[in-house]
Structure formats: C-alpha cells, structure tokens
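Colleague: I should like to ask for a close look at a single part of this protein, namely its aromatic rings and the strands that carry them. Please set that part within the whole chain, in terms that a first-year student can follow.

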Amino acid sequence: MNPLKVIVATAPKKFIGNVGIIQRNAIQSWINVFGSENIYLFGDDETAVNARLLGVNYARPEYSNTKVPLFDSIAESCQKVDCDYISYVNSDIVFVENFDNIIFKLNQFLGKKIFITGRRINTNLNEEIDFAGDWQKKIRLLASEGIIAPPEWIDYFIFHKNIIQNLPPLRIGRAGFDNYIIYLMKKRYVPIIDTTGTILALHQTHSYFHHPQGQKGVWYGEDAKENLRISGGYHTYLSLDDADYIYRDNILKKNRPKLSYIFSRKYMKGILTIKYPFLLHVLTVYKKIKFIINQNEKIDEKNLAQNI
C-alpha cells in the first residue's frame, strides 16, 4: 500500500433545490471514495451546517467584497492539514475512485511536486444518487453517454501541498480562476499532467442562480474582472492544451500541441512569454506602435474626406 494521503477541498454554493441535490451527490461520492475525514468544505454558516450533516470537515475562507471565496485562503488552510496532496474540486463533480495510486505512479516518473488536472464529462444528472448499490457502475454508464467538456473548462486540481504558497487572491468560480492557476504552475516549472480518460470527473449540469446576473455575471462580473486584473490579461488564461504531459492507460507521454495552436496568438503570448519574458515587452511595444499607426491612418482618412 502506498502511504500517500489526499484531502479534497471545495467551496460549495447554497444547498438549495437542484444545486443542493447536485452538491450532496458530489460530496457523498467523495466520502465514499476518500473517507469523510479527508473532505473539507469552505464557506459560510450554511455551509457549516451542511458539513455537520454530511459528517465532513468545515473551515471558513476569506471573501472578496462580493462574498466570493478566495482561493489563496483555502490553499493556506489546506496546507496546515496533515496530508501529502490537496485536491481542490468544484462542488458539482462526482468521483468514482481514489487517485492516490495515480499520484504514486506519476511520482515515480516526475517526482512529488506535480500538478494534476483533467477535463470533465457533462451529464444531466438531476436526482439523488443511491450510494447503497453499485453506484460507481451507474456513474460510469452515465459518463459513457455524456459529453466531454472543452479543455478550457477545468473543475479539479490535484497538487502537492508545497507548491501553492504565495498565491494571489483569486475569486473561486469566476472566469479565469482555474486557467490562471495553470499559468502560475507553468511559471513555477511545476509539471502539469492531463489525466483526462484516467480520472473520471462527472459534471452535473446546473443553473447559475448563485449570481444575481446569472452566467453573464460569473463570466464578466466584478469578481471575474478582478481575476483578469490579478492575472495580467487573457494571455495568462491557459487550458489543458498547455499541459506538459498526458497520462492515459498507464502511459505517460509528452504533450505535443497541434501546429495550429503553436502558431496561435494565445500560445505565442501565453506560453512563449513564460519562457522568454522579454517577448511580452516586445509584444506590448508592438501593440502600442500599431495603435498609434492606426490612429494616424484614421486622422489622415478624416482629413482626406474633409478635403474632398
């Protein structure tokens, strides 16, 4: 038996209606897979009540001005727990098996300081899961009929507890939070492994009632804008296309991005500027010069039109 200890952390939404069912499904799956003593819910007093009802751990995070949990405070709390790895997971994701053996195998190839993530499978599961029977079999069947999400949608991280110090106050559940974490790991030269197809992460689709402006608020609201400001721009919003490795069928291989992606603006500005920081200054100067030239051309066109 490998001695690795993994804890699972999440910051759930309100346990109301369909979202309440979805979140209880997810957390109950983690309890069955990892044990209740290894599950940590972060949130307000209502979260504390549900943590007690579910028999799991509870802690209060720090919040933004709009009461959105801050990831750095959750990471700091988790680092104080006696564990080897931390998995931060969105509260609508169902897992069917522990991934300590996967971590152990990856340690043999890449060492302990690694960052694991993967794509989710979307499904319309809107009822309570019966955990008394062979629930893993039912989940796998649902997953086989689901739709795999694009590489930009990242719903879980698994990382060594010693690689997440000095994080910025990113707003959890708002646009850019997960993508910028990938960028930070790249900057810190932490190997990023895509375990899509190895770790089954079933996503239960839901509404966006938790934000007053719905999905638009989640993507473009005040906290999303603050994530963008902290990150320094959209070029830092990386995805699973930027993983260093792919681990599938017990085989670890280097991720080879498609040529179309390598020559894309996102790759040029996002990845290359990590390796060659001076390029960001070159691109910034180029952008300013291009703007000035365009403005001068517009002035010339306006003057020409007035003279005709």
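Modeller: The answer begins with the whole chain, then turns to the aromatic rings, and ends with the strands and one loop.

This is a predicted model, in which local features need pLDDT of at least 70 and side-chain atom pairs count only at pLDDT 80 or more, while totals for chains, interfaces and linings use all residues. Residues are numbered from 1 along each chain as its sequence is written, and side-chain values use heavy atoms, with hydrogens and water left out.

The protein chain contains 12 helices and 13 strands; these are DSSP runs numbered from the N terminus, with at least four residues for a helix (H or I) and at least two for a strand (E). The chain has 308 residues, and 51% of them count as buried. Buried means under 20% relative accessible area, exposed means over 50%, and partly exposed lies in between (1.4 Å probe, protein chains only). Of the contacts between residues at least 6 apart in sequence, 76% join residues at least 24 apart, where a contact means heavy atoms within 4.5 Å.

The aromatic rings come next. A pair of aromatic rings is described by the distance of the centres and the angle of the planes. Rings of Phe, Tyr and Trp (its six-membered ring) pair if their centres lie within 6.5 Å; planes under 30 degrees apart count as stacked, over 60 as edge-to-face, and the rest as tilted. By this rule there are 14 aromatic pairs. In one of them, Phe115 and Phe159 are stacked, with 6.0 Å from centre to centre and 10 degrees between the planes. This pair links distant parts of the chain, since Phe115 belongs to strand E6 (residues 115–117) and Phe159 to strand E9 (residues 156–160), 44 residues apart. Phe115 counts as buried because its relative accessibility is 0%, and Phe159 counts as buried because its relative accessibility is 1%. Phe157 and Phe177 form an edge-to-face pair, with 5.9 Å from centre to centre and 65 degrees between the planes. Here, too, distant parts of the chain are linked: Phe157 is in strand E9 and Phe177 in helix H6 (residues 177–187), 20 residues apart. Both Phe157 and Phe177 are buried. These four residues belong to one aromatic cluster with Phe71 and Tyr88.

Further aromatic residues occur in strand E2 (residues 39–42), from which Tyr40 and Phe42 point one way and Ile39 and Leu41 the other, all of them buried. Strand E1 (residues 6–10) runs parallel to E2 and is joined to E2 by three bridges; two strands pair if DSSP finds at least two bridges between them. In this pairing, Val8 stands opposite Ile39.

Elsewhere, an open sheet of four strands has the order E5-E11-E7-E8, with mixed pairing. Strand E5 (93–95) and strand E8 (147–148) stand at the edges with a single partner strand each, so one side of each has no neighbour in the sheet. Strand E7 (residues 121–123) and E8 run antiparallel and are joined by two bridges, with Ile121 opposite Ile148.

Finally, Thr198 lies in the loop between strand E10 (192–194) and strand E11 (201–204). A polar atom of the Thr198 side chain is 2.7 Å from the backbone oxygen of Tyr247.

Conventions. Polar contact = N/O pair within 3.5 Å; in protein donor to acceptor, adjacent residues only side chain to side chain.
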